[in-house]
Each structure stands twice: as C-alpha cells, then as structure tokens.
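Biologist: Please pick a single part of this model and describe it closely, beginning with the chain around it.

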Amino acid sequence: MAIDTAQPGSPGWWLARLLTKLDERRGHYDLLDSYYDGRNVIPVHADKACSDAYRRLMAVSRSNFAELVVEAVRERMRPVGFRTGAAGDDLGDNEAWRIWQANSLDADSMLVHTPSLSMGMAYVIVGPVDEEIGAPLITPEDPREVIVETDPRRRRRVVAGLKVFHDDVTSTDAAYVYLDGEVWRARHTSPSRY
C-alpha cells in the first residue's frame, strides 16, 4: 500500500520529513564514527600501487586518539543508583533501579554513552511494559538510525520520532514512526546487499 506523504502531520508526512533529516546528518555521524573506530579517511593520491602502500603505512603508524579520549570518559560513566524528583520517594528510587536492571542497562548503557561521546548524539527508545522483563523496555539506539523532532516551544517534548533500519533476516528496510501515543510501521523489501 502506498504511504501518503503529502498530508501535513500524517504518519507518512512525518516519515518523509524525518527520513530526509536523518539522511542529511548520516554522513556527519559516519565521519565521526570512522574517527572513533580508526577508519578515518586516508588521503588518496598517486597511482594504485602507491595508494595501497600508503594505506598500509598509515594503518600501522597512526594512533587512534579519538577512541582513547572517548573510552577514558565512557569507562567512568557508571550509574550507581537513582534519585527521583520527589522528596522522600524511596520507592520510586528503587523502582527506577529495578527498571534499569531489568533492561540490563549496566552492560548496555555503554551503547548509549559511546555514540553520545563519539558522535555527539545518542538515543534510547522507551516502550511499554515488556512481559518477559516485567518493566518498560528500554533500547539503546544509534543516532544514524533514529531521529526526533521536538516542540519548538518546549525542547524536551518530542512531537515525532523515527527509527529506520535494515532487517537482514527478512531482507527488508523497516521504519517506525512514533507519534503521540501511536507507533506506525512500514516495511520495504530491499535487494540483497551481497
């Protein structure tokens, strides 16, 4: 079925709008991630043989300071407890900690901290209560796959969100559009990448 992208405020309109914004910034995040991973662009000039030799020399002779800086900060980012905003709310503090533990965020919080430090942005998606863990499901997300638009008057209020990814199992591209209390899904069969 075709998605209506012309009607302002519709799920299709938000999909097109946020996908365009996500595509515009993807190159920036890919570049920053390449510095963190030590895959940053090596200048290419001269003929192919010279270029290959130059790449090998650069690969063994460069130091990845970006990773060192990010990891030096990230390894110290360990929540040890929670305090809710309400005075004397010990039960709320304990419940927040239980939700954190149910989502294995002791191990997975690095999946938020690392892109936040290396790319300057990271996301989490908080879903409804998952029966398996007995808590709201919290998933760390890559900023190259997720984007939100906030209310211009209240920057902490998300108006719409989008998550896109390629599902290798089904060979489809998937999109989830998050609107006020609703989740819209779209899938597109894509050719094999191999």
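Modeller: Accessible areas here come from the Shrake-Rupley method with a 1.4 Å probe, and for residues only the protein chains shown count as cover. On that basis the protein chain exposes about 13,300 Å², and carbon and sulfur atoms account for 57% of this surface. The model is predicted, so local features need pLDDT of at least 70 and side-chain atom pairs pLDDT 80 or more, while totals for chains, interfaces and linings use all residues. Residues are numbered from 1 along each chain as its sequence is written, and side-chain values use heavy atoms, without hydrogens and water.

The protein chain has 6 helices and 6 strands (DSSP runs numbered from the N terminus: H or I of at least four residues for helices, E of at least two for strands). Along the sequence their pattern is α-α-α-α-α-α-β-β-β-β-β-β. Of its 194 residues, 29% are buried (under 20% relative accessible area; exposed is over 50%, partly exposed in between, with a 1.4 Å probe and protein chains only).

The part I choose is helix α3, residues 65–74, whose buried residues are Val-70, Glu-71 and Arg-74. They line one face of the helix, because seen down its axis they fall within an arc of 95 degrees (taken from the directions from the axis to the C-beta atoms). These buried residues pack against α1 (11–37) and α6 (110–119), where contact means heavy atoms within 4.5 Å. On the face turned away from the buried side, α3 carries the exposed residues Phe-65, Leu-68 and Val-69. At the N-terminal end of α3, Asn-64 acts as a cap, with a side-chain oxygen 3.5 Å from the backbone nitrogen of Ala-66.

Key: A polar contact is a pair of N or O atoms within 3.5 Å; within protein, one must be able to donate a hydrogen and the other to accept it, and residues adjacent in sequence count only if both atoms are side-chain atoms.
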